[in-house]
Amino acid sequence: MMTLDNLVSIGRLQRTPIDREFITRLTMAARRSLAEVETSGIGPDTRFDLAYKCIHRIAMASLAAKGFRTSQNQPGHHQTAIQCLGWSMGVPKETLITLDALRKQRNLSDYSGDPISAEVASTCIAETEALLGVAGQRLSVDNV
């Protein structure tokens, strides 16, 4: 069974001191990204980008709350951060599958120019809102 410690041993994660200020900054940045989603006049691509950025920030904050960070010198650090949400925040497997599909869509958009549909953007926003709700309960300064 893979654990956060196993991911350290294979170089996907690094240990880091728990920094409450860093976790708070990432969580606040995630909330700002989600708030910007509602800005009028922005299209599905931008709405998706903002919502996905929120997911990634929450994933990074949840790792930081456990004393870890992704290894930036390794490819796939977005994938690692999202997959760790199961261990770092107790996110269910079904949600992890959806979040990983959104990560793959982000890669297609960023690296191949694939457009984001309004439906995919809405799915990303809904997942982001749910994840922020869980993060609000599990990443509060009192719990870190």
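R25 is partly exposed in this predicted model, with a relative accessible area of 45%. Its salt-bridge partner is E21, and the closest N and O atoms of the pair are 3.2 Å apart. E21 is exposed, at a relative accessible area of 56%. The two residues are four apart in helix α2, so about one helical turn separates R25 from E21. This pair belongs to a wider set, as the count comes to five salt bridges.

Helix α6 brings in more of these pairs. R103 forms a salt bridge with D100, and here the closest N and O atoms are 2.7 Å apart. R103 and D100 are three residues apart in α6, so they too are separated by about one helical turn. Both ends of this bridge are tucked away: R103 counts as buried at 8% relative accessibility, and D100 is buried with a relative accessible area of 13%. Also in α6, D110 and R106 sit four residues apart, about one turn of the helix, and their side chains meet in a salt bridge at 3.2 Å, N to O. This pair is split in its exposure, since D110 counts as partly exposed at 40% relative accessibility, whereas R106 is buried with a relative accessible area of 14%. Salt bridges that share partners also join D100, R103 and K104 into one network.

As for the helix itself, α6 has 20 residues and reaches 28 Å from its first C-alpha to its last, close to the 28 Å expected at 1.5 Å a residue. Its buried residues are a mix of charged and uncharged side chains: L96, L99, D100, L102, R103, R106 and S109. The cover over them includes α3, α4 (77–83), α5 and α7. Just after α6, G113 takes a positive phi of about 80°.

Helix α7 comes next, spanning residues 118–138. With 21 residues, α7 reaches 30 Å from first C-alpha to last, close to the 30 Å expected at 1.5 Å a residue. Which residues of α7 are buried? They are A121, C124, I125, T128, L131, L132 and A135. These residues cover an arc of only 135° around the axis, which puts them on the same side of α7. E119 and Q137, on the other side of the helix, are exposed. Among the elements covering the buried residues of α7 are α2 (20–37), α3 (44–65), α5 (85–89) and α6 (93–112).

I125 gives a closer look at the buried side of α7. Found in that helix, I125 is buried with a relative accessible area of 6%. Leaving aside its neighbours within four places in sequence, I125 is in contact with L34, V37, R47 and A51. The C-alpha atoms of I125 and R57 are separated by 14 Å, with the two residues 68 apart along the chain.

On the surface, M2, I10 and W87 make a nonpolar patch of about 290 Å². M2 lies in the segment before α1 (4–9) and is partly exposed, with a relative accessible area of 39%.

Conventions: Residues are numbered from 1 along each chain as its sequence is written. This is a predicted model: local features need pLDDT of at least 70, side-chain atom pairs count only at pLDDT 80 or more; totals for chains, interfaces and linings use all residues. Side-chain values use heavy atoms; hydrogens and water are left out. The expected span of a helix is 1.5 Å times one less than its number of residues. Buried means under 20% relative accessible area, exposed over 50%, partly exposed in between (1.4 Å probe, protein chains only). The arc is that of the directions from the helix axis to the C-beta atoms. Contact means heavy atoms within 4.5 Å. Patches are made of residues with over 30% relative accessible area and no salt bridge: like charges are joined within 9 Å, nonpolar side chains (Val, Leu, Ile, Met, Phe, Trp, Tyr) within 5 Å. Accessible areas come from the Shrake-Rupley method with a 1.4 Å probe; for residues, only the protein chains shown count as cover. A salt bridge is a side-chain nitrogen of Lys or Arg within 4 Å of a carboxyl oxygen of Asp or Glu.
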